[in-house]
Amino acid sequence: MSDNITPEKLNEIKKYSDEKRADYFIKETAKQNKIWILTDEHGCVMLNIEEEDGVPVWPREEFAASWATNEWQHCKPEAISLNKWFSRWTTGLIEDEIAIVVFPSDEEQGMVYDPEELEQRLKQAQKKQNK
């Protein structure tokens, strides 16, 4: 199901503004039906943005893998189906008061969503695709 993306297109998308990357994330994640995270031996990678803990997420494996450099080079991309995300992750992140950093840039900047808001946007995008 995963269509290939050229390195040129990958770099072009990575240069989008935070808002445009977030829009791309919503559309692409709904299309691929999975969210990508980075994991290490301790679990999911976390960021601290605006004094808030957040889980960084990406729309495709290529973007997550390209982020695994320097201090994150030991991390591996891991796919989570949207069904699993909705049934387990949203609730867990809410309980732990953890935000979601959508498609962070190489400078660790990205749109920050609360778990319910991201789930709502993804479900809306899924409905649009299924029409």
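Strand 6 has buried residues facing both ways: Ala 99 and Val 101 point to one side, Ile 100 and Val 102 to the other, and all are buried. This is a predicted model. Strand 6 (99-102) has two partners to look at. Strand 4 (residues 52-57) pairs with strand 6 in the parallel sense, over four bridges. Within that pairing, Gly 54 has Ala 99 as its bridge partner. Strand 7 runs antiparallel to strand 6, and three bridges join them. There, Ile 100 is matched with Tyr 113 of strand 7.

Past strand 6 the chain enters a loop. Phe 103 lies in this loop, between strand 6 (99-102) and strand 7 (111-113), while Phe 63 lies in helix 3 (residues 61-67). What does the pairing of these two residues tie together? It ties together parts that are 40 residues apart in sequence, because one ring sits in the helix and the other in the loop. Both Phe 63 and Phe 103 are buried. Their ring centres are 4.7 Å apart and their planes stand at 55°, so the pair is tilted. A stacked pair would need planes under 30 degrees apart, and an edge-to-face pair over 60. Tyr 24 joins in too: ring pairs link Tyr 24, Phe 63 and Phe 103 into a cluster.

The structure holds five aromatic pairs. Another of them is Trp 58 with Trp 67. Here the centres are 5.3 Å apart and the planes lie at 55°, so this pair is tilted. Both of these Trp residues are buried.

Now return to Phe 103 and look over its ring. The charged end of Arg 21 sits there, 5.8 Å from the ring centre. Is Arg 21 buried or exposed? Arg 21 has 2% relative accessibility, so it counts as buried; the cut-off is under 20%. Its contacts include Phe 103, Pro 104 and Ser 105, along with Gln 109 and Gly 110. Arg 21 also touches Ile 13, Lys 14 and Tyr 16. A second charge-over-ring case lies elsewhere: Lys 123 is over the face of Phe 86, 4.9 Å from the ring centre.

Arg 21 belongs to helix 2 (residues 18-32). This helix has 15 residues and reaches 20 Å from first C-alpha to last, close to the 21 Å expected. Its buried residues include Arg 21, Tyr 24, Phe 25, Ile 26 and Glu 28. Just after helix 2, Asn 33 takes a positive phi of about 65°.

Next comes strand 1 (residues 34-40), which runs antiparallel to strand 5 and is joined to it by six bridges. Trp 36 has Ala 79 of strand 5 as its bridge partner. Which strands make up this sheet, and in what order? Three strands form an open, antiparallel sheet in the order 2-1-5. Strand 2 (43-44) and strand 5 (76-81) are the edge strands, each pairing on one side only.

Finally, go back to helix 3, where Ser 66 is found. Ser 66 counts as partly exposed because its relative accessibility is 23%. Its side chain reaches the backbone oxygen of Phe 63 at 2.9 Å. Thr 90 is 24 residues from Ser 66 in sequence, and their C-alpha atoms are 25 Å apart in space.

How values were computed. Residues numbered from 1 in each chain as written. Predicted model: local features only at pLDDT ≥ 70, side-chain atom pairs only at ≥ 80, totals over all residues. Heavy atoms only, no water. Phe/Tyr/Trp six-rings, centres within 6.5 Å; stacked < 30°, edge-to-face > 60°. Buried < 20%, exposed > 50% of the residue type's maximum accessible area, 1.4 Å probe, protein only. Helix = DSSP H or I, 4+ residues; strand = E, 2+ residues; numbered from the N terminus. Lys NZ or Arg CZ within 6 Å of the ring centre and 35° of its normal. Polar contact = N/O pair within 3.5 Å; in protein donor to acceptor, adjacent residues only side chain to side chain. Pairing = 2+ DSSP bridges. Contact = heavy atoms within 4.5 Å. Expected span 1.5 Å × (residues − 1). Lists of a residue's contacts leave out its neighbours within four places in sequence.
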